[in-house]
Protein chains: 2
Amino acid sequence: MSEQTCPGSIERLVEILEGKWTLLLLRHLFNGVTRFGVLRRMLHPISPKTLTDRLRLLEERGIVTRTIYSEVPLHVEYQLTERGRRLEPLFVAMGEWVRSEDSGPENELISTSLSS
Amino acid sequence: MSEQTCPGSIERLVEILEGKWTLLLLRHLFNGVTRFGVLRRMLHPISPKTLTDRLRLLEERGIVTRTIYSEVPLHVEYQLTERGRRLEPLFVAMGEWVRSEDSGPENELISTSLSS
DNA sequence: CGGAATCCAAAGGGATACTG
DNA sequence: CAGTATCCCTTTGGATTCCG
């Protein structure tokens, strides 16, 4: 793909994070949400196909695992793998960026406000 | 897009980071690359249209500024704004993730009950 | 409940040629 | 050099319906 002048390969990371809903989806996974239906409701206008696509992709990339509980009301859980959990600092940084936006570039006042 | 479910709004961040080349492009900007032609060469197979589109989008979002030097060999520089520079921790985190991939994929006694 | 299967619209990118 | 202008195609994502 792109060049190789850089160490490791941010390209692999890009492959993981790409996609319209991926960042939002991961954020919910980090918040402990594990079930398909719940994720779907939280990402609201997302279509089931898209959500499935994203989850499968993350599964292939080793970011989440899928566990099926064949109980009567069928139920499935998605959990972050070790590799996925190592992405957390990234989301922390994102949260901090958002907070820094809220406080405003030239604003000195404390504006605590909203949590993520 | 998604919407109101969360405060602060990581959505705005998503709007900035989305797009096939955005992360790679920003990385080069953080590395001090400022000129169109150089960026183009570094992102190699990218088309001029795509690169322009991305840069314009980042400009609209207040992440980069565009400065035209109407000297004879026309030349333009793109620089990160204050808002853009505040994204740096994110890229640092990305770099660390990549490094963690390189160093320790072996200490994963993973499990991953994948079945796809 | 958690998808799979279709079908489809549209946005996003790419290739190329040309210009201020 | 740093784009613009086109044209076109591939990929994504969405709506819907049905299945285990």
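**Figure 1. A:Tyr78 sits in strand E2 of chain A.** What you see here is a predicted model. Does A:Tyr78 count as buried or exposed? Its relative accessible area is 3%, under the 20% cut-off, so A:Tyr78 counts as buried. Set aside the neighbours within four places in sequence, and A:Tyr78 is in contact with A:Leu29, A:Val33, A:Thr34, A:Phe36, A:Leu55, A:Arg56, A:Val64, A:Thr65 and A:Arg66. With one of these partners, A:Arg56, there is also a polar contact between side chains, at 3.5 Å. For a sense of scale, A:Leu23 is 55 residues away from A:Tyr78 in sequence, and their C-alpha atoms are 15 Å apart. A:Tyr78 turns up again in the DNA views, as one of the closest residues to DNA strand C.

**Figure 2. A:Thr34 belongs to the loop between H2 and H3 of chain A.** A loop residue, then, but is A:Thr34 buried or exposed? Its relative accessibility is 18%, so with the cut-off at 20% A:Thr34 still counts as buried. Beyond its neighbours within four places in sequence, A:Thr34 is in contact with A:Leu39, A:Val76, A:Glu77 and A:Tyr78. The A:Tyr78 contact is the one already listed in Figure 1.

**Figure 3. Helix H2 of chain A, residues 22-30, is mostly covered.** How many of the nine residues of H2(A) are buried? The count is nine of nine. The set takes in A:Leu23, A:Leu24, A:Leu25, A:Leu26 and A:Leu29, along with A:Phe30, and it also includes A:Thr22, A:Arg27 and A:His28. After the helix comes A:Gly32, with a positive phi near 95 degrees.

**Figure 4. Chain A as a whole has six helices and two strands.** Follow the sequence and the order reads α-α-α-α-β-β-α-α. Chain A has 116 residues, and 46% of them count as buried. Take the contacts in chain A with a separation of 6 or more: 44% of those link residues 24 or more positions apart. The accessible surface adds up to about 6,300 Å², with carbon and sulfur atoms holding 53% of it.

**Figure 5. DNA strand C is surrounded by 21 residues.** The closest ones come from both chains: A:Thr52, A:Arg66 and A:Tyr78, plus B:Lys20 and B:Arg54. Among the atoms of DNA strand C within 4 Å of the protein, 76% are sugar and phosphate. On the phosphate side, one oxygen is 3.1 Å from a side-chain N or O atom of A:Arg35, and a polar side-chain atom of B:Trp21 is 3.2 Å from a phosphate oxygen. There is a base contact to look at too: B:Lys49 puts a polar side-chain atom 2.9 Å from a base nitrogen. Which elements supply at least two residues each to this surface? They are H3 (36-42), H4 (48-60) and E2 (75-80) of chain A, and H4 (48-60) of chain B. H4(B) has the largest share, with four residues. By type, the surface near DNA strand C splits into eight nonpolar, six polar and seven charged residues.

**Figure 6. DNA strand D has 22 residues around it.** Nearest to this strand are A:Lys20, A:Lys49 and A:Arg54 from one chain, and B:Arg66 and B:Tyr78 from the other. Sugar or phosphate makes up 71% of the strand D atoms within 4 Å of the protein, and bases make up the rest. A polar backbone atom of A:Lys20 is 2.4 Å from a phosphate oxygen. The side chain of B:Arg56 has an N or O atom 3.1 Å from a phosphate oxygen. B:Leu74 uses a backbone N or O atom, 3.2 Å from a sugar or linking oxygen. Two or more residues of this surface come from each of H4 of chain A and H3 (36-42), H4 and E2 (75-80) of chain B. The residue types run to nine nonpolar, six polar and seven charged.

**Figure 7. Strands E1 and E2 of chain B pair in the antiparallel sense.** E1(B) covers residues 64-69, and the pairing with E2(B) runs over six bridges. One bridge to pick out is that of B:Thr67, whose partner in E2(B) is B:Glu77. How many residues does the hairpin use to join E1(B) to E2(B)? The link is five residues. As a reminder for reading this view, side chains in a regular strand alternate between the two faces of the sheet.

Key: Residues numbered from 1 in each chain as written. Chains lettered and ligands numbered in written order. Predicted model: local features only at pLDDT ≥ 70, side-chain atom pairs only at ≥ 80, totals over all residues. Heavy atoms only, no water. Near = heavy atom within 4 Å. Polar contact = N/O pair within 3.5 Å; in protein donor to acceptor, adjacent residues only side chain to side chain. Nonpolar A, V, L, I, M, F, W, Y, C, P; charged D, E, K, R; others polar. Buried < 20%, exposed > 50% of the residue type's maximum accessible area, 1.4 Å probe, protein only. Contact = heavy atoms within 4.5 Å. Areas by Shrake-Rupley, 256 points an atom, 1.4 Å probe, with all protein chains shown as cover. Pairing = 2+ DSSP bridges.
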